[in-house]
Amino acid sequence: MKALHITLFALLISLGIIAQTDKESIQKSADTYMVYVQNNDIDKILDAMLPKLFETVSRSQIKSSMEQMLNNPNIKVEYISAKINSISNTVKHDDTKYALVNYDSSFKMVFLTEAEKPLEERKEMLDYFKTAMEAQFGKDSTTINYDEASVSVKSVTNMFAVSSPEFTGWKFLNDDNNMGTLAKTIIPEDVISALKN
């Protein structure tokens, strides 16, 4: 009986160490991913995304969309900050491990051509855009600077961290807006349920 208690105790300790090691590894990978996002390093951002995503939407399509957004002469996008709030315990499904990462992010969009327009016209467009951003990120998420013709957005959102024998390290898939819809087709339903409950 004593041997059984010692074995169970050792098992609990080793499971705790594995969980802690996973969280540390996810934290490190997620922090690196956030740096890529802040630096607008598109290729590295794509490298850090879950490869299974590219079976639904091609890597080249996503890259093209990101390049269009970042190279738009009318809009300048600045990522201000990104910070990990929490990382869930991992859930295993077949040979793959999953975790849910909650993070804060903030970015600013400066509408360069709007800055040249009269203030009233500028206000109308920025107010419209603010409403759209609030619908997407929440009521108190958005701030307008009419003089600069910019909209700043602060959001708290989730992403899935995934580790699989099919690739090296942890890969990420956002769980918001369009990506959240895609995530439901890529991440097993029972895993999503376990991570969110």
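## Terms and overview

A residue counts as buried when its relative accessible area is under 20%, as exposed when that area is over 50%, and as partly exposed in between. Lys63, at 25% relative accessibility, is therefore partly exposed. The structure described here is a predicted model.

The chain has 197 residues, and 37% of them are buried. Its exposed surface comes to about 11,800 Å², of which carbon and sulfur atoms supply 53%.

## Order of the elements

Six helices and six strands make up the elements of the chain. Read from the N terminus, their order is α-α-α-β-β-β-α-β-β-β-α-α. Helix 1 covers residues 2-38, helix 2 residues 42-48 and helix 3 residues 59-70. Strand 1 spans residues 75-87 and strand 3 residues 96-111. Helix 4 runs over residues 119-137.

Among the contacts in the chain with a separation of 6 or more, 60% are between residues 24 or more positions apart.

## Nonpolar cores

In soluble globular proteins, nonpolar side chains tend to be buried together. Here the largest nonpolar core holds 38 residues, and the members that touch the most others are Met159 and Ile187. Leaving aside residues up to four places away in sequence, Ile187 touches Leu50, Tyr98, Phe160, Val162, Leu173 and Ile192. Separate from this is a second core of 12 residues, with Ile75, Val77, Phe111 and Ile144 among them.

## Aromatic pairs

How many aromatic pairs does a search of the whole structure find? The count is four. One of them joins Tyr79 and Phe107, whose ring centres are 5.8 Å apart with 50° between the planes, a tilted arrangement. Tyr79 belongs to strand 1 and Phe107 to strand 3, so this pair ties together parts that are 28 residues apart in sequence. Is Tyr79 buried or partly exposed? Tyr79 has a relative accessible area of 29% and is partly exposed, whereas Phe107, at 12% relative accessibility, is buried.

Phe111 and Phe129 form an edge-to-face pair, because their planes meet at 75° and an angle over 60 degrees puts a pair in that class. The centres of these two rings are 4.9 Å apart. Phe111 is in strand 3 and Phe129 in helix 4, so the pair connects parts that lie 18 residues apart in sequence. The relative accessible area of Phe111 is 6%, and Phe111 is buried. Phe129 is buried too, with a relative accessible area of 17%. Phe111 also appears in the second nonpolar core.

Tyr79 and Phe107 belong to one aromatic cluster together with Phe137. A further aromatic ring, that of Tyr146, has the charged end of Lys123 over it, 5.3 Å from the ring centre.

## Salt bridges

The structure contains nine salt bridges. In one of them Lys97 pairs with Asp22, and the closest N and O atoms are 3.0 Å apart. Lys97 is in strand 3 and Asp22 in helix 1, so this bridge links distant parts of the chain, 75 residues apart. Which of the words buried and partly exposed applies to Asp22? Asp22 is buried, with a relative accessible area of 8%, while its partner Lys97 is partly exposed at 24%.

Asp43 and Lys63 also meet through their side chains, with an N to O distance of 2.9 Å. Their bridge runs between helix 2, which holds Asp43, and helix 3, which holds Lys63, across 20 residues of sequence. Asp43 is partly exposed at 36% relative accessibility, and Lys63 is partly exposed at 25%.

## A further bridge and a network

A salt bridge is also found between the side chains of Glu114 and Lys117, with 2.9 Å from N to O. Glu114 is buried, at 9% relative accessibility. Lys117, at 33%, is partly exposed.

Which residues are linked in a network of salt bridges? The network consists of Lys76, Glu78, Lys108 and Glu148.

Terms used
Residues numbered from 1 in each chain as written. Predicted model: local features only at pLDDT ≥ 70, side-chain atom pairs only at ≥ 80, totals over all residues. Heavy atoms only, no water. Core = buried A, V, L, I, M, F, W, Y, C linked by side-chain atoms within 4.5 Å. Buried < 20%, exposed > 50% of the residue type's maximum accessible area, 1.4 Å probe, protein only. Contact = heavy atoms within 4.5 Å. Helix = DSSP H or I, 4+ residues; strand = E, 2+ residues; numbered from the N terminus. Areas by Shrake-Rupley, 256 points an atom, 1.4 Å probe, with all protein chains shown as cover. Phe/Tyr/Trp six-rings, centres within 6.5 Å; stacked < 30°, edge-to-face > 60°. Lys NZ or Arg CZ within 6 Å of the ring centre and 35° of its normal. Salt bridge = Lys/Arg side-chain N within 4 Å of Asp/Glu carboxyl O.
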